[in-house]
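Student: Could you take me through one part of this model up close, and then work outward from there? I'd like the spot with the buried polar side chain, plus whatever packing and empty space you can tie in.

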Amino acid sequence: MKIHIINPAVDRPSYHSAEVYAAWGLEGRTSVADLATATVAAFVPQGWDIRLTDETITPIDPEADVDDCDVVAITGKVSQRARMFALAEAYRRRGALVVIGGPYASLSPDDVRPHADVLVTGEIEDIAAGLFADLAAGTWRDRYEGGRPDLRGSPVPRWDLYPNHGANLGALQTSRGCPFQCDFCDVIQYLGRRQRHKDPDQVIAELEVLYRHGYRRILLADDNFTAYRRHAHAVLAALRVWNEAHAADPVQFMTQVSVDLARDPELMAACKAARLDTVFIGIETVNEDSLRDSGKRQNLHQGASDALAIILSHGIAVYAGIIVGFDADKPDIFARLADFFHDSPVPMLSIGALVAPNGTPLHDRMKAEGRLTGEDWQSAASPFATNIRPIGMSQRELLVGVSRLCAEVYAPAAFERRMMNFLAAYNGPSAQPRAPSLVPLPASERALVKRLSGLGEAEKGMILRILGAAMARPDAQGPVVEFLSRYAQVRHMLGAVPSGVAALRQPAARRMAAG
């Protein structure tokens with residue numbers, strides 16, 4: 001049996017993807033190695049011929065694909081829906097048996113069903129043996145439903161089959177699920193609120209494989225890594241010991257956490273000791289009524305500005321998620337957020353309009369109130385779209401406000417100000433003063449930054465000043481390089497999304513542009 005496992009390209013550029021490399025004439029890359037396809041490959045029985053493709057690195061043309069496979073397995077999120085279906089239909093026309101699974105299939109099975117010969121929902125661990133046995137015997141069913149398995153039985157992903165040369169970060173998952181109840185979050189709908197964990201020994205085994213494949217930056221792809229403190233401390237201790245044994249060439253880690261990390265000095269110290277130096281946090285909003293109404297109560301214990309300052313002072317850089325369009329948001333929310341961003345030490349802000357994903361309490365409430373204006377897939381792939389009719393402003397006010405806010409936030413002077421705020425607040429490893437030294441730029445980032453500086457004199461001056469300031473901060477140079485790379489992607493995204501183009505043509509707010 002021959003199987004082709006595919007991670008489709010995203011339908012539109014986003015904050016978290018990396019189309020900018022190919023768009024600017026560089027080799028295709030992805031921000032994070034795709035864990036889903038490498039994990040599925042690990043369940044394929046011995047004796048099968050396995051091919052693995054990540055389209056974010058190497059796009060494929062199904063019509064010209066000369067490698068006929070018996071089975072084509074496609075996974076994907078809502079942001080990959082259109083490409084997922086296009087690939088499925090193309091390979092079905094060629095006679096392949098198409099299997100579709102993953103988050104979108106699990107949350108919107110009725111939408112996926114017409115495009116798949118075999119639909120897989122839920123997690124694969126408990127159903128893999130039966131699924132592949134049925135495929136081999138030709139006795140497959142049209143649907144398989146996975147549960148929420150014990151992750152201690154999950155195998156090491158097949159990174160030997162993955163195009164590792166094209167990934168900026170490796171991926172390693174230590175848990176699934178999140179105990180919180182944010183009403184707009186679809187993660188807890190298909191992975192559950194009872195978090196399940198891998199043992200530290202499993203984590204180290206996966207780390208060893210990633211390390212052998214050249215990764216020195218790895219995303220711990222947990223939905224909320226610090227939700228269960230005991231598990232987080234056990235994994236961090238294992239990572240610290242491992243890194244101490246590889247001190248000459250250690251690994252840095254990134255993950256997702258809640259902002260309440262700032263209230264736990266011991267856990268922040270453990271993160272720093274393990275070289276977990278970057279986190280993504282859903283700040284969401286500065287409107288406390290919106291946090292309360294949406295169930296994001298873990299963000300109410302401490303002001304966002306104070307929490308961010310504390311986290312950075314412990315040597316942990318932050319990416320932040322921002323959502324606009326909650327019921328408690330009025331038109332003044334854009335100015336309130338702009339004021340917050342102006343003094344923020346967080347360079348990278350993923351700003352988008354509120355969307356109601358399928359299966360979430362928010363979706364159910366919007367449907368009951370007659371406020372859904374479309375399917376989640378019509379808006380989830382763009383920060384400048386929504387499937388909700390807001391009540392605190394018109395939908396047009398919301399979308400125009402979000403696109404203009406994004407353009408203002410990513411004007412060169414505004415981004416430079418946040419980068420300088422970051423350098424002032426960040427207390428990275430070995431932060432003792434040193435003689436200024438050139439910021440080391442890997443080849444791919446060097447080429448990207450060079451093309452970024454070609455966008456104009458404002459961008460060129462911004463880059464030179466940021467890199468100049470970072471010369472005296474070797475502890476911060478790693479995050480600085482990453483932030484510049486992500487800034488290039490955001491600028492590409494704003495130029496590629498129609499409403500982003502319109503926003504870029506608007507004059508930025510005087511305060512934001514002036515820095």
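Tutor: Here's a walk from one loop residue out to the cores, the cavities and a pocket. Keep in mind that this is a predicted model.

Let's start at Thr174, which sits in the loop between β8 (167–172) and β9 (175–176). Is Thr174 buried or exposed? Its relative accessible area is 0%, so Thr174 counts as buried, the cut-off being under 20%. Which side chains does the Thr174 side chain pair with? One partner is Asp222, through a side-chain polar contact of 2.4 Å. The other one to look at is His231, whose side chain is joined to that of Thr174 by a polar contact of 2.9 Å. Now widen the view a bit. Setting aside neighbours within four places in sequence, Thr174 touches Arg196, His197 and Lys198, then Val203, Leu220 and Asp222, and finally Phe225, His231 and Val235. Asp222 and His231 therefore turn up both as contacts of Thr174 and as its polar partners, given that a polar contact is an N or O pair within 3.5 Å and a contact means heavy atoms within 4.5 Å.

Next, the nonpolar packing. In soluble globular proteins, nonpolar side chains tend to be buried together. Here, the largest nonpolar core has 128 residues, and Ile351, Tyr410 and Phe415 touch the most other members. Helix α19 (residues 477–496) supplies the largest share of this core, with nine residues. Another core lies apart from it, with 18 residues, including Val72, Ile74, Leu87 and Ala116. Back to Ile351 for a moment: beyond four places in sequence, its contacts are Tyr15, Ile322, Val324, Phe341, Pro383, Val402, Leu405, Cys406 and Val409.

If you like to scan backbone torsions, pull up two residues. Arg275 isn't a glycine, yet its phi is positive, at about 70°. You'll find Arg275 in the loop between α10 (265–273) and β13 (276–284), and it is partly exposed, with a relative accessible area of 31%. Glu284 also has a positive phi without being a glycine, near 70°. Glu284, though, belongs to strand β13 and is buried, at 7% relative accessible area.

Arg275 also leads us to the empty space. How many cavities of 30 Å³ or more does the structure hold? There are two. The largest cavity has a volume of about 40 Å³, and Arg275 lines it together with Gln252, Lys272, Leu276, Asp277, Gly315 and Pro429. By type, that lining splits into two nonpolar, two polar and three charged residues. The second largest cavity holds about 30 Å³, and its lining is made up of Val259, Asp260, Gln298, Asn299, His301, Gln302 and Ala307. That set breaks down into two nonpolar, four polar and one charged.

Last stop, a pocket. The second largest pocket has a volume of about 200 Å³. It is lined by 13 residues, of which Glu19, Ala22, Glu55, Thr56 and Pro59 are the closest to its centre. Its lining divides into seven nonpolar, three polar and three charged residues.

Definitions and conventions: Residues are numbered from 1 along each chain as its sequence is written. This is a predicted model: local features need pLDDT of at least 70, side-chain atom pairs count only at pLDDT 80 or more; totals for chains, interfaces and linings use all residues. Side-chain values use heavy atoms; hydrogens and water are left out. Helices (H or I, at least four residues) and strands (E, at least two) are DSSP runs, numbered from the N terminus. Buried means under 20% relative accessible area, exposed over 50%, partly exposed in between (1.4 Å probe, protein chains only). A polar contact is a pair of N or O atoms within 3.5 Å; within protein, one must be able to donate a hydrogen and the other to accept it, and residues adjacent in sequence count only if both atoms are side-chain atoms. A nonpolar core is a set of buried Ala, Val, Leu, Ile, Met, Phe, Trp, Tyr and Cys residues joined through side-chain atoms within 4.5 Å. On a 1 Å grid over the protein atoms alone, a cavity is a set of points where a 1.4 Å probe fits but cannot get out, and a pocket is an open set with protein on both sides within 12 Å along at least five of seven lines; lining residues have an atom within 4 Å of a point. Grid points are joined across faces, edges and corners, and a volume is the space filled by probe spheres set on the points. Ala, Val, Leu, Ile, Met, Phe, Trp, Tyr, Cys and Pro count as nonpolar, Asp, Glu, Lys and Arg as charged, and the others, Gly among them, as polar.
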